[in-house]
Structure formats: structure tokens, C-alpha cells
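Visitor: Please take one part of this structure and look at it closely. I would like one connected account.

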Amino acid sequence: VVVASLLRPIVWENNYMVDLVFLFALREDDQKYINKIYQIISNKESLKQLKNASVITDMKKILFKKQN
């Protein structure tokens, strides 16, 4: 997974403004990883933490922490 944290939001599909872009390199049977990332970015507090992370190690802690 690659994450780009943009200084300024850009227009994405259907005129959505985005400032975090995720790039996945997964096999077809890796749906569980996509579901896990979706759960994380659907959580407002986790998303806020990702946006505020200043170094990659902070992002990794958020993305790879043990989920309930």
C-alpha cells in the first residue's frame, strides 16, 4: 500500500475533493486488506490522524494497528 498525503486537495472522480490517495498492489484474493483499509478510513478519528500524520511511521501505526 502506498499513501500520498497531498498539501492541497485535488478533484477526483465525480468532483470529490481528496487529500489522501491510496495505491494498492494486491492479488484478487486480498479483499480482506481492502476491507480493513476501508474500515480505518471510514472512522473519522482514524482518518483525521492519517491526515495529521507528519511522518510515515505515524501513518503505519494507524494503518497497521490491531483492529477490533
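Guide: What follows is a close look at helix 3 and its setting.

This is a predicted model: local features need pLDDT of at least 70, side-chain atom pairs count only at pLDDT 80 or more, and totals for chains, interfaces and linings use all residues. Residues are numbered from 1 along each chain as its sequence is written, and side-chain values use heavy atoms, with hydrogens and water left out.

First, the frame. The protein chain holds 3 helices and 2 strands. Their order from the N terminus is β-β-α-α-α. Helices (H or I, at least four residues) and strands (E, at least two) are DSSP runs, numbered from the N terminus. The C-alpha trace spans about 30 × 25 × 20 Å along its principal axes. Of the 68 residues, 19% are buried; that means under 20% relative accessible area, with exposed over 50% and partly exposed in between (1.4 Å probe, protein chains only).

Now helix 3, residues 56–64. Its buried residues are Met59, Ile62 and Leu63. Seen down the helix axis, they fall within an arc of 95°, so they line one face of helix 3. The arc is that of the directions from the helix axis to the C-beta atoms. Lys61 and Phe64 are exposed on the other side of helix 3.

What covers the buried face? The cover includes strand 1 (2–11) and strand 2 (17–23), along with helix 1 (31–42) and helix 2 (44–52). Contact here means heavy atoms within 4.5 Å. Across the protein chain, residues 24 or more positions apart account for 23% of the contacts with a separation of 6 or more.
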